[in-house]
Amino acid sequence: MPLNSLARRARVGVPAAIAATVVALSGCGGDGGPTSDIEDQAALTMEDAWVKAAESGMMTAAFGILVNPGENHVRVVSARTPVSPTVELHEVAVVDGAAVMRRKDGGFTVPAGGEHALEPGADHLMIMEVSDPLEPGEDVDLVLVLDDGSTVEVTAQVKDFAGADEDYVPGEHATGHDDE
Amino acid sequence: MCRASTRRATMTSDLTRGRALSRRGLLGAGAAALAGAAASTAGHALVTGSNDDPAEQTQVIPFHGPHQAGVETPGQTFAVFAAFDLRDGMDRPALARWMRLWTDDAERLTQGRPALADPDPELAAAPSRLTVTVGVGPGFLHAAGREPAAPEWLRPLPPFSVDALVPRWSGGDVLLQVCADDPSTVSHAVRMLTKDALAFAKPRWTQRGFRHPPDPASPTRTPRNLMGQLDGTSNPAPGSAEFARIVWIDDGPRWLRGGTSLVLRRIRIEAEAWDVVDRRGKEEAIGRRLADGAPLTGAHEHDEPDLDAANESGLTVIPPWSHIRRARAADPRQRIVRRSYNYDDGPGEESASDIGLLFASYQADVDTQFVPIQRRLDELDLLNDYTTPVGSAVFAILPGVRPGEWWGATLLS
């Protein structure tokens with residue numbers, strides 16, 4: 001990305017199984033015509049992406065709007081980033097009267113032709129342990145992995161934000177089972 | 001509850017995203033070149049609001065272009081000028097991160113979209129001709145290690161005998177100018193931008209101003225200041241070649257081409273003294289009639305003052321000490337564009353008034369265009385008896401940006 005570029009839209013990635021770099025632009029067919037399923041799923045984007053600033057060793061979160069212009073629903077099942085060894089998909093639930101964050105079973109489903117917002121107090125990407133500090137104004141690369149194995153590359157801007165500090169409850173899922 | 005706000009934010013972004021496509025198509029590169037010009041009524045786009053916002057509240061001033069908006073833009077009703085001082089240890093990469101944040105915030109907010117991490121997206125939905133304009137002081141170039149690139153004039157003004165300047169209202173490393181017709185819009189934008197600035201700088205001073213709401217029938221009418229005078233009659237029209245010649249920098253260091261300079265002086269009105277001057281005295285102090293701004297020798301506001309016209313006694317009708325005579329220059333280089341705002345921080349403890357003018361003057365070169373005028377006024381201007389400059393600051397207003405670019409990139413890359 002050029003130094004002076006502010007572009008922070010999602011960049012569509014490639015199915016993990018295909019080594020060649022075929023770039024499928026949102027809504028358009030790529031070379032060689034991938035199947036319509038992959039084409040639809042590869043059209044998922046994440047807009048207005050941002051990450052809460054954090055010091056090294058801390059956990060932080062990424063937010064934005066998942067946009068699915070395709071004809072099938074899409075599910076984000078995992079995510080990764082170079083700034084942390086692990087990323088989890090989290091929801092916020094009320095447990096014993098308090099808002100807590102926990103892993104979200106089943107990931108984030110984005111309906112066909114719809115959106116799913118990742119925002120403080122709701123579903124979000126949890127960046128579990130930031131190796132270096134994330135300073136406001138920096139860019140963070142994220143990769144979303146979809147249920148068909150395809151990926152979506154996202155660049156998020158680091159922002160100072162006072163909120164998004166719900167208690168994290170490790171090991172608890174929506175089903176109530178603890179982690180192994 | 002979370003769902004509702006998600007939906008609301010989605011609706012807003014849906015609307016603005018959808019509109020943004022058609023707005024971009026509508027305005028295109030040509031209109032973007034008018035930039036902060038939006039001077040003519042054709043310059044702003046009407047966006048249908050997301051709830052009950054009246055049409056005026058959703059008016060949008062284009063953000064991108066060769067010049068920043070907020071200079072050639074017809075004056076909005078409310079303005080905040082906020083200066084910041086850099087924290088210790090700021091270097092070029094940190095300043096770049098700050099400017100990337102601010103450009104992104106301003107790009108969104110001026111187009112009626114919430115900023116990233118905006119805790120109050122609803123307050124972004126009615127931009128009301130919001131403009132966000134950024135300038136830098138000498139300290140910014142020093143921290144960036146780019147002092148050799150600073151223009152000569154980027155330093156405090158020379159002292160004038162009329163000055164009673166206090167640090168509280170003077171100086172600053174970075175200037176944020178936010179204007180809109182809705183004060184809530186201004187408030188939200190200033191708060192959002194300040195929150196993003198705090199990692200890099202401390203607020204130094206904030207000066208809040210106002211003027212008449214816009215009159216759609218007369219978008220560039222001259223505003224009235226709190227001395228009761230029409231203020232800015234001799235300004236060139238926004239969008240005119242003369243305006244561009246006077247204001248926009250087109251030579252010198254590349255980082256400043258397309259920018260301008262801002263001289264911001266806080267001028268206190270000595271209201272108790274002015275209140276007791278009779279009408280004729282007031283009009284002779286300025287050289288214009290209060291009612292319609294016409295020069296004392298003319299019939300209409302924009303008539304050329306006749307500085308030689310004399311009365312029966314042989315005295316000039318426009319007295320030697322009157323403001324417009326003193327401000328006038330034979331040298332065509334001595335021209336500025338004023339885009340001032342009234343302030344009112346009163347009543348005071350023992351006085352009925354604490355009023356004045358946020359005198360904002362834009363010109364390509366402070367030294368050749370502004371200083372000579374100010375020197376002449378300093379030497380003689382009856383208005384000096386009724387006004388006191390209490391603050392003064394000079395900033396380099398950065399050039400405009402194109403989509404994908406960020407403020408100060410040329411300076412900070």
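What percentage of the 180 residues in chain A is buried? In this predicted model, buried residues account for 47% of that chain. Chain A contains 1 helix and 12 strands. Their order along the sequence is β-α-β-β-β-β-β-β-β-β-β-β-β. Contacts in chain A were examined for residues at least 6 apart in sequence; of these, 67% link residues at least 24 apart. The chain exposes about 8,400 Å². Carbon and sulfur atoms contribute 51% of that area.

Confidence was considered for the complex and for chain B. The predictor assigns the complex an ipTM of 0.82 and a pTM of 0.83. For chain B, the mean pLDDT is 87. A pLDDT of 70 or more is reached by 86% of the residues of chain B. Residues 1-50 of chain B, however, have a pLDDT below 50. This stretch nevertheless has 74 contacts in the model beyond near neighbours in sequence.

Helix α4 of chain B spans residues 183-197. It comprises 15 residues. From the first C-alpha to the last, α4(B) reaches 21 Å, close to the 21 Å expected at 1.5 Å a residue. At the start of the helix, a side-chain oxygen of Asp182(B) comes within 2.9 Å of the backbone nitrogen of Ser184(B).

Many positions of α4(B) were examined for burial. The buried residues are Thr185(B), Val186(B), His188(B), Ala189(B), Val190(B), Met192(B), Leu193(B), Thr194(B), Asp196(B) and Ala197(B). Their cover includes elements from both chains. Chain A supplies β11 (150-159). From chain B, the cover includes the strands β3 (78-86), β4 (131-136), β5 (174-180) and β6 (201-210). Helix α2 (92-110) of chain B also belongs to this cover.

A second site in chain B centres on Ile246(B). This residue lies in helix α5, which covers residues 241-247. Ile246(B) has a relative accessible area of 1%. The cut-off for burial is under 20%, so Ile246(B) counts as buried. Leaving aside residues up to four places away in sequence, Ile246(B) touches Pro236(B), Arg335(B), Ile336(B), Val337(B), Tyr362(B), Gln363(B), Ala364(B) and Gln369(B). Asp365(B) is 119 residues from Ile246(B) along the chain. The C-alpha atoms of Ile246(B) and Asp365(B) are nonetheless separated by 8.6 Å.

Key
Residues are numbered from 1 along each chain as its sequence is written. Chains are lettered from A and ligands numbered from 1 in the order in which they are written. This is a predicted model: local features need pLDDT of at least 70, side-chain atom pairs count only at pLDDT 80 or more; totals for chains, interfaces and linings use all residues. Side-chain values use heavy atoms; hydrogens and water are left out. Helices (H or I, at least four residues) and strands (E, at least two) are DSSP runs, numbered from the N terminus. Buried means under 20% relative accessible area, exposed over 50%, partly exposed in between (1.4 Å probe, protein chains only). Contact means heavy atoms within 4.5 Å. Accessible areas come from the Shrake-Rupley method with a 1.4 Å probe; for residues, only the protein chains shown count as cover. The expected span of a helix is 1.5 Å times one less than its number of residues. A polar contact is a pair of N or O atoms within 3.5 Å; within protein, one must be able to donate a hydrogen and the other to accept it, and residues adjacent in sequence count only if both atoms are side-chain atoms. pLDDT is the predictor's confidence in each residue, from 0 to 100.
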